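Student: Could we go through this structure together? I would like to start with how the chains are arranged.
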There are 2 protein chains.
Amino acid sequence: MSLIVVGSMAFDAIETPFGKSDKIVGGAATFIAWCASNFTPVKQISVVGGDFPQEELEALAARKVSLEGVQIKKDEKTFFWSGRYHMDMNTRDTLETQLNVLGDFKPVVPDSYQDCEFLMLGNLAPSVQLSVIEQLKTKPKLIVLDTMNFWMEVALDDLKKVLAKIDVLMINDSEARQLSGDYSLVKAAATIMKMGPKYLVIKKGEHGALLFHGNQVFFAPALPLEEVFDPTGAGDTFAGGFIGHIAKTKDISFENMKTAIIVGSAMASFSVEKFGTQRLREITRADIDARLQEFVALVNFDIALV
Amino acid sequence: MSLIVVGSMAFDAIETPFGKSDKIVGGAATFIAWCASNFTPVKQISVVGGDFPQEELEALAARKVSLEGVQIKKDEKTFFWSGRYHMDMNTRDTLETQLNVLGDFKPVVPDSYQDCEFLMLGNLAPSVQLSVIEQLKTKPKLIVLDTMNFWMEVALDDLKKVLAKIDVLMINDSEARQLSGDYSLVKAAATIMKMGPKYLVIKKGEHGALLFHGNQVFFAPALPLEEVFDPTGAGDTFAGGFIGHIAKTKDISFENMKTAIIVGSAMASFSVEKFGTQRLREITRADIDARLQEFVALVNFDIALV
């Protein structure tokens, strides 16, 4: 069994110009697990409070998500985030953050998780991400890390330590500019790859994603959607599709990473269709295959016609 | 001989965060002609003043751009535009506009231009674009129209009349939202296609371009560039590559339009590398072919790996 996923499991309350959710289940590792478990078994590392719904844990377990590495702190409360999206659905304001159990989270890698080939470090404090890497006795075949501007601001030194130990970094375009100090994404990619990661994925929301490796670059579009209902977790879902496909195929070539980016984009396009993880819970393998074919139609062209 | 190009021939003065040009030759029809003449002979319709450089006209004629439809008003001055780009190179302020000869431009379609199969209406007053369509005795196989937000504000009724008579409309994302009143580009496309055009190209600058037709959609990325030196004329060059490829192949299928969009994107990626039309004057067929292969590498993935 080959994929470890690390990240938050949380409650979210979301407002968009089109609607408002109750307090619903969210968190990076939750979205990643719901998504990646379509492709491969998952070994989850996270922490929740006594208020986290038992049914959610059971639903994940039923999808071959191992929860041995998920600490349940019965007398504490689960991490809570509340935010409001702007009209463009790409930008948002945080209304409230309650760290709760996440405040002093010390991840423990269970013995049964050792020798995993793939490690997905979802967005979380870089020191926590680093702690998981250091607990692994064998270096995974591929370590993928997702992070955000917040950690560049409050924990840049820690972040740089983690960057030196990972293979693939996933950030969005404004974070790439912030981390590198370069406005051009091509220059930013070159600067960031010198910090450690040999592969860099720059997510551009509705404008798709770029994959850089050395002098190579690959671009995957986002599917043009009539409506984006809730972008929360789209980046996590993208990460889950990417690492899920890689873990399933056990192929870390650049060619296969291109396909993995398309899988991530397809999965993210489902995620935004409903609040929280709702859409991810509904979709079938046939839905996924059909959406992948939409991506083929979206970008395929016949250069022989030139 | 098959392609008529209509549009401005002008002087531009450009400021970017990285440099400043003298008063250089520009204008929609100039960029389109420099670009499309790589693929097909061009029959130009425009107007210039006595101050427009003779060498420029000769250089275009040497590329099989017929200038019979270009009025030269010896005692008047050529259209002049001056603008300053912001740091993102996607937005700009107009510093000065001198309409000059463009103010009362009445295009005349020469007899030798009749029976052209393809018509490219570059950005210009909709009434002028309409006048050209009405002068043609045979409806072209394909009419492509480029326009901008300015005409939506000052000449919407005229614009709607032209839209009812064309096949392909090219506008950018904010213009698509403005024209349709829809924020979602998928909804905007559906609304706009009801106004007349059966095909809609939505240009998103560095984020690529979308081609809509019925329920079909195709996406072409922009090439990620280390530096964008001068975006002026990128949209016109894109249009020139699109219609140039279509006119060369005489194939107006959706499949071939996809390839045409890629050709347009490739040509636009050259255009922005230097001020004005400079880069378009230098490139060879081998340069174009090499860049087209970069686009293949940029978007090609193997779905069989899923």
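Tutor: Certainly. Please keep in mind that this is a predicted model. As for the arrangement, 100% of the interface residues of chain B are also interface residues in chain A, so the copies meet through the same surface.

Student: What turn lays chain B on chain A?

Tutor: A turn of 180 degrees with a shift of 0.0 Å along the axis does so, and the RMSD is 0.0 Å. That is the relation of a two-fold axis.

Student: And which C-alpha of chain B is nearest the axis?

Tutor: That of His207(B), which is 2.9 Å from the axis.

Student: Now the helices. At what angle do H1(B) and H8(B) cross?

Tutor: Helix H1 (residues 28-36) and helix H8 (residues 234-249) of chain B cross at roughly 40 degrees, and their axes come within 8 Å. H1(B) and H8(B) are therefore oblique to each other.

Student: Is that crossing left-handed or right-handed?

Tutor: The crossing of H1(B) and H8(B) is right-handed. Residues of H1(B) in the contact include Phe31(B) and Ile32(B), while those of H8(B) include Ala239(B) and Ile243(B). The contact residues comprise 7 nonpolar, 4 polar and 1 charged.

Student: Changing topic: how many strands does the open sheet of chain B have?

Tutor: The sheet has 9 strands, in the order E6-E5-E1-E9-E10-E11-E12-E13-E14, with mixed pairing. Strands E6 (65-73) and E14 (216-220) of chain B stand at the edges with a single partner strand each, so one side of each lacks a neighbour in the sheet.

Student: In which sense do E13(B) and E14(B) pair?

Tutor: They pair in the antiparallel sense over 5 bridges. His213(B), for instance, has Gln216(B) in E14(B) as its bridge partner.

Methods
Residues numbered from 1 in each chain as written. Chains lettered and ligands numbered in written order. Predicted model: local features only at pLDDT ≥ 70, side-chain atom pairs only at ≥ 80, totals over all residues. Least-squares fit on C-alpha atoms with pLDDT ≥ 70 in both. Contact = placed C-beta atoms within 7 Å. Axes fitted to C-alpha atoms, helices over the stretch in contact; angles between N-to-C directions. Helix = DSSP H or I, 4+ residues; strand = E, 2+ residues; numbered from the N terminus. Parallel < 35°, antiparallel > 145°, perpendicular 65-115°, else oblique. Left-handed = near helix turned anticlockwise from the far one by under 90°. Nonpolar A, V, L, I, M, F, W, Y, C, P; charged D, E, K, R; others polar. Pairing = 2+ DSSP bridges.
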